Amino acid sequence: MSTSPPFDAIWASLPMPALLIDGKDCILAANPAAETFLNASTRSLFNQKLDDKLRVDVPLCDSLIRARANQADVNINDVTVSTYDRVSPHCLIQIAPVQDMPDQLLLLISPRVMAERIGRARNATSAAKSAIGMAEMLAHEIKNPLAGISGAAQLLSMNLSAEDREMTDLIVEETRRIVKLLEQVEQFGNLRPPEARAVNIHDALDRARRSAQMGYASHMMIIEDYDPSLPATWADPDQLMQVFLNLIKNATEAARDNRGTIRLRTFYDLSLRIRRKDGSQARLPLQIEIIDDGPGIPPDIAGDIFEPFVSGRENGTGLGLALVSKIITDHGGLIGVESVPGRTVFRISLPVAPKDQPAER
Ligand SMILES: Nc1ncnc2c1ncn2[C@@H]1O[C@H](COP(=O)(O)OP(=O)(O)O)[C@@H](O)[C@H]1O
Ligand SMILES: [Mg+2]
């Protein structure tokens, strides 16, 4: 009897597409389910760039880097995977480092039905969505009585001794904090579809930078590293500014000892192309990076920071990046993040405005 398990047979009978990739993200092996999924033979897939054979609507490379860096599994829930001839929404991608094979990764792709069977993890997203819906309703209901409470406390405080007034001040202060949180929840719910027009990205970045430097980021050094030849993007200028503000704010809040450097970088990268849900191709050549030199994203939440209510900060709402992600997705763009201590990069990729639409200032 053979002592070694029949790995080939197991590989061949895995019910989901499985790919083995090397350190350069090239395909080393594909099981039969992957051959069917990618509509290509193992032989034709061998040594091909993963990117060329399979596209995901979130930057896959970030997750590959993370899996290698941490030598730990990374799951990406509810993504759309596009291959040569099909678009599969609601997939679960599991990435696992291969033991004793540095840099090699195993990729398992579970299309919808299987993803649901595997279950648990996927539900996080929909659970989060209904949590948002519920929070919106609550926000609306709670704000009115809160205004009453705060007003009453202010009235009360008029006749109180200084010592007792500390109590009413606390009530007023804390209600203000809750109202602010509720407003963020409402802002999330009220987000209207983008009113897109041609927008000069540098104008939007400048507006955000100036606003941030007048307020919370006054102690931060903000460096502009722009490619001035960048053409206009097609976006809602206010929503775009909101995105930049949220990212600058996070970078500021992450900074150690109240100081740090934020680099705003723009550049052109023609190679980024995604396939939309309707099957059409779109280029996202405009790249914007918000880079900080803070401590990096806490590893335990790194995979979930774009989900609502996920926060690594005391007093955080976890809504900032959820809003950012929603806005960028509504614009047909992509957002991804790479983070190690000392360097966190949020990268946004956006489309170019139609040629006949010049940007207005
Ligand atoms: N630039 C950054 N550096 C380090 N951690 C970050 C950065 N941006 C975001 N994070 C982490 O992601 C979490 C979620 O961010 P966000 O959605 O804006 O919610 P909040 O800021 O309310 O916590 C933050 O709490 C923080 O832990
Ligand atoms: Mg935030």
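Which residues are buried in H11? Let's start there, and then walk through the rest together. One thing to keep in mind as we go: this is a predicted model.

Helix H11 spans residues 320-330 and is mostly covered, with eight of its 11 residues buried. Those residues are Gly320, Leu321, Ala322, Leu323, Val324, Ser325, Ile327 and Ile328. After H11 comes Gly332, and its phi is positive, near 70°.

Val324 leads us to the next topic, the core. The largest nonpolar core holds 76 residues, and Val324 is among the members that touch the most others, along with Ile93, Leu107, Phe244, Leu247 and Ile248. Helix H10, residues 237-254, gives the largest share of this core, namely eight residues. Take Phe244 as an example: leaving out residues up to four places away in sequence, Phe244 touches Ala204, Leu205 and Ala208.

Now for the ligand. Which residues come nearest to ligand 1? There are 22 residues around ligand 1, and the nearest are Asn250, Ser311, Gly312, Gly316 and Gly320. You have already met Gly320, one of the buried residues of H11. H10 and H11 are the elements that give two or more residues to this shell. The largest share, four residues, comes from H10. By type, the shell around ligand 1 has nine nonpolar residues, 11 polar ones and two charged ones.

Let's turn to the strands. One sheet here is open and has six strands, in the order S2-S1-S6-S5-S4-S3, with antiparallel pairing. At the edges are S2 and strand S3, residues 54-56, each of which pairs on one side only. From one strand to the next, the twist averages 35°. As a general reminder, strands of a sheet pair through backbone hydrogen bonds, either parallel or antiparallel. There is also a helix to look for: H5, residues 60-70, lies across S3, strand S4 (74-83), S5 and S6, and runs at about 20° to S5.

Zoom in on S1 and S2. These two form a hairpin with five residues between them, and they pair in the antiparallel sense over three bridges. If you want to follow the pairing residue by residue, Leu20 stands opposite Ala29 in S2, and Leu19 stands opposite Ala30 in S2.

What is the phi of Asp25 near? Asp25 has a phi near 60°, a positive value in a residue other than glycine. Asp25 sits in the loop between strand S1 (18-21) and strand S2 (27-30). Is Asp25 buried or partly exposed? Asp25 counts as partly exposed because it has 18 C-beta neighbours inside 10 Å, while a buried residue needs 20 or more.

Another aspartate belongs in this part of the talk. Asp103 is not a glycine either, yet its phi is positive, at about 75°. You can find Asp103 in the loop between strand S5 (87-97) and strand S6 (105-110). With 13 other C-beta atoms within 10 Å, Asp103 is partly exposed.

Next, strand S13, residues 286-292, where the side chains alternate. Leu286, Ile288, Ile290 and Asp292 point to one face and are buried, whereas Gln287, Glu289 and Ile291 point to the other face and are not. S13 has partners too. Strand S10, residues 261-268, runs antiparallel to S13 and is joined to S13 by seven bridges. In that pairing, Ile290 in S13 is the bridge partner of Leu264. Strand S15, residues 343-350, is likewise antiparallel to S13, with seven bridges joining the two. Here Asp292 has Thr344 in S15 as its bridge partner.

My last stop is Leu334, which lies in strand S14, residues 334-340. Why does Leu334 count as buried? Leu334 counts as buried because it has 20 C-beta neighbours inside 10 Å, and the cut-off for buried is 20 or more. Not counting residues up to four places away in sequence, Leu334 touches Val58, Pro59, Ile274, Leu284, Ile328 and Ser349. Among those contacts, Ile328 takes us back to H11, where Ile328 is one of the buried residues. Finally, Leu334 and Leu108 are 226 residues apart in sequence, and their C-alpha atoms are 22 Å apart in space.

That's the tour. Thanks for listening!

Technical notes:
Residues are numbered from 1 along each chain as its sequence is written. Chains are lettered from A and ligands numbered from 1 in the order in which they are written. This is a predicted model: local features need pLDDT of at least 70, side-chain atom pairs count only at pLDDT 80 or more; totals for chains, interfaces and linings use all residues. A residue is buried if 20 or more other C-beta atoms lie within 10 Å of its own, exposed if 12 or fewer, and partly exposed in between; C-beta atoms are placed from the backbone. A nonpolar core is a set of buried Ala, Val, Leu, Ile, Met, Phe, Trp, Tyr and Cys residues joined through C-beta atoms within 7 Å. Two residues are in contact if their C-beta atoms, placed from the backbone, lie within 7 Å. A residue is near a molecule or strand if its C-beta atom, placed from the backbone, lies within 6 Å of it. Ala, Val, Leu, Ile, Met, Phe, Trp, Tyr, Cys and Pro count as nonpolar, Asp, Glu, Lys and Arg as charged, and the others, Gly among them, as polar. Two strands pair if DSSP finds at least two bridges between them. Axes are lines fitted to C-alpha atoms, for helices over the stretch in contact, and angles run from 0 to 180 degrees between N-to-C directions.
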